[in-house]
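Please open the model in your viewer and keep the selection panel at hand. The tour below moves from one selection to the next and says what is to be found at each stop.

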Amino acid sequence: MQKTLTDKPPSEQYQYLKAFLILGFAMFILALLGILSRPFSFLASIWIANAALLGLLLRFPQLHNLGGIIGAFLGFMCADLLTKNTFELTFVLTISNLISALVTYYLILLFRLDFRNFNQGLTFLYLFLLCTFGGSLISAVFAVSTVPYLPNTFMAPDRFWTDFGMWWSGEAANYVVFSPIFLALPTFKILKTYWSEKKEQPYQLSLSLPLIAIGCSVVFTHFFNGPGAIMFPIAALIWASLTYNLFIITIINCIICVILYHSLTTFYVDVSPEAYLMNTMSIRMGLSMLALGPLTLSIINLNRQKLYHQILYLANHDSLTTTMNRRYFFEESEKTVQSVRQTARSVTILLLDIDHFKKINDQYGHHAGDIVLQQFTQVIAENLRQSDLFGRLGGEEFAILLKNLSLTESIQIAQRLCHLVYDHPITLPNNEVLHISVSIGLSYQTCPYYIPFQQLINRADDALYEAKETGRNKLCIERQLHTVSPTN
């Protein structure tokens, strides 16, 4: 016997109810907004609902269930019936809207389009091709095949191609303008991190200039109205695409397209309804092309920045252990030591050398040695502060720079690291367990007295040599301070 909704487990019933309420409420509000934007009581100027439904289903797959679909259906129906439309016409229009979003959704799943990485490769292009020639096209065909034959309809059989073009161009434009917002919408964690970083950075007036340019170009469209007005914001949008992140560009794109569409359609509505119908399709397709330009440029810029940061990271970090490489560690440490008199109370250098590492390579092979290095650095990194510098100087030798610690605190940290390494067994691929140890040399300098970084390294290196010569698995500090007994 087939199970009904009430036969589902309580947790699954909750997911159905949650999807029902979220999609039902969202579609009701957005559909009502679209209905109120109709210039002649048909074919809304702004129809966000279908793009929003697609975006919500893609970003939150848990909403894709029977409860969610029923909720979306009732949301569309209630919004249209509330505006005193007939039941038959409302029902067919609702089915058309659901076809538009759901067909596109299933096509994305069918072609296994990785919409989560829509900023990579040709995913962005494929996504909008599926929207334009998938759900939008099928929805338009269904609408013009049914709506003209209903009572109180706004379509006519003798206007098949006009009605088809109006519906299809409107759906395509709405997807291009609105769906990127839902796909690029950052998570709350990313937003929180972004906001924290922005608060710490001083405000730069230059960041506002692209927005000012966009505002001026939009104002021009009201003084120099006509078909050419659609081209006014292009230069400003290109500038913005090279300045702001992708999500902000989707918002700017959306606002610009809505304002331009309203401005241009108002111009033709004032002329006559015939002029409106004749020009609306070309306006919509023109706005779609206008929106695709900044989005594409923003994605290219985003990928370029990601590639730059990846190359920069690889240039500054050791590929095996992901710690700073020797050059980058020395550069950052030099900067720290030079500015330490203004920003810190003290500087501590720890030089670490894994004991008998050559024997590990000789006995177990270099792959086992790589595993030892990786797990060793993981143990060390997990027990350092975010402000501490940690780098691999070469082979099995590493260095750490600590700031704002007393000598006693520095010694305690070094001893703790020594114990942690010794107490952390390393399992090799053949299930053999290794116990390693580390020798540490420490140099310490209080401020405001300035001392070159290389001198601190040399002093720590002398202490490390003493630790290895006097038994290993221990910490020694530079001689002018005092020597610490073995920690094992």
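The angle between two helices is taken here between their N-to-C directions and runs from 0 to 180 degrees, with each axis being a line fitted to C-alpha atoms over the stretch in contact. Please bear in mind throughout that this is a predicted model.

Begin with the whole protein in cartoon view, where there are 16 helices and 7 strands. Of its 488 residues, 48% count as buried, and among the contacts with a separation of 6 or more, 70% join residues that lie 24 or more positions apart.

Next, select residues 87-110, which form helix 4, together with residues 123-146, which form helix 5. Their axes lie 8 Å apart and the helices pack at an angle of about 155 degrees; because angles over 145 degrees count as roughly antiparallel, helix 4 is described as roughly antiparallel to helix 5. The crossing of this pair is right-handed. To see the contact itself, show side chains on both helices: helix 4 contributes residues including V92, I95, I99, V103 and L107, while helix 5 contributes, among others, L127, L130, G134, G135, I138 and F142. Taken by class, the residues of this contact comprise 12 nonpolar and 8 polar, with no charged ones.

Keep helix 5 in view and add residues 160-184, which are helix 6. Here the axes come within 8 Å and cross at roughly 145 degrees, and this crossing, too, is right-handed. On the helix 5 side, the contact includes F128, F133, L137 and V141, and on the helix 6 side it includes F164, W167, W168, Y175 and the acidic residues D163 and E171. The contact of helix 5 with helix 6 has 18 nonpolar, 4 polar and 2 charged residues.

Now turn to the interior. Which residues touch the most other members of the largest nonpolar core? Select M27, L53, F76, I108, I214 and I252, which hold that place among its 65 residues. The largest share of this core, 9 residues, comes from helix 10, so residues 246-271 are worth colouring separately.

Then centre the view on M27 and, leaving aside its neighbours within four places in sequence, look for its contacts with L32, A49, A52, L53, L56, A72, G75 and F76.

Finally, move to a second, separate core of 33 residues, for which F357, I380, V438 and L442 are convenient members to select.

Key:
Residues numbered from 1 in each chain as written. Predicted model: local features only at pLDDT ≥ 70, side-chain atom pairs only at ≥ 80, totals over all residues. Heavy atoms only, no water. Helix = DSSP H or I, 4+ residues; strand = E, 2+ residues; numbered from the N terminus. Parallel < 35°, antiparallel > 145°, perpendicular 65-115°, else oblique. Left-handed = near helix turned anticlockwise from the far one by under 90°. Contact = heavy atoms within 4.5 Å. Nonpolar A, V, L, I, M, F, W, Y, C, P; charged D, E, K, R; others polar. Core = buried A, V, L, I, M, F, W, Y, C linked by side-chain atoms within 4.5 Å. Buried < 20%, exposed > 50% of the residue type's maximum accessible area, 1.4 Å probe, protein only.
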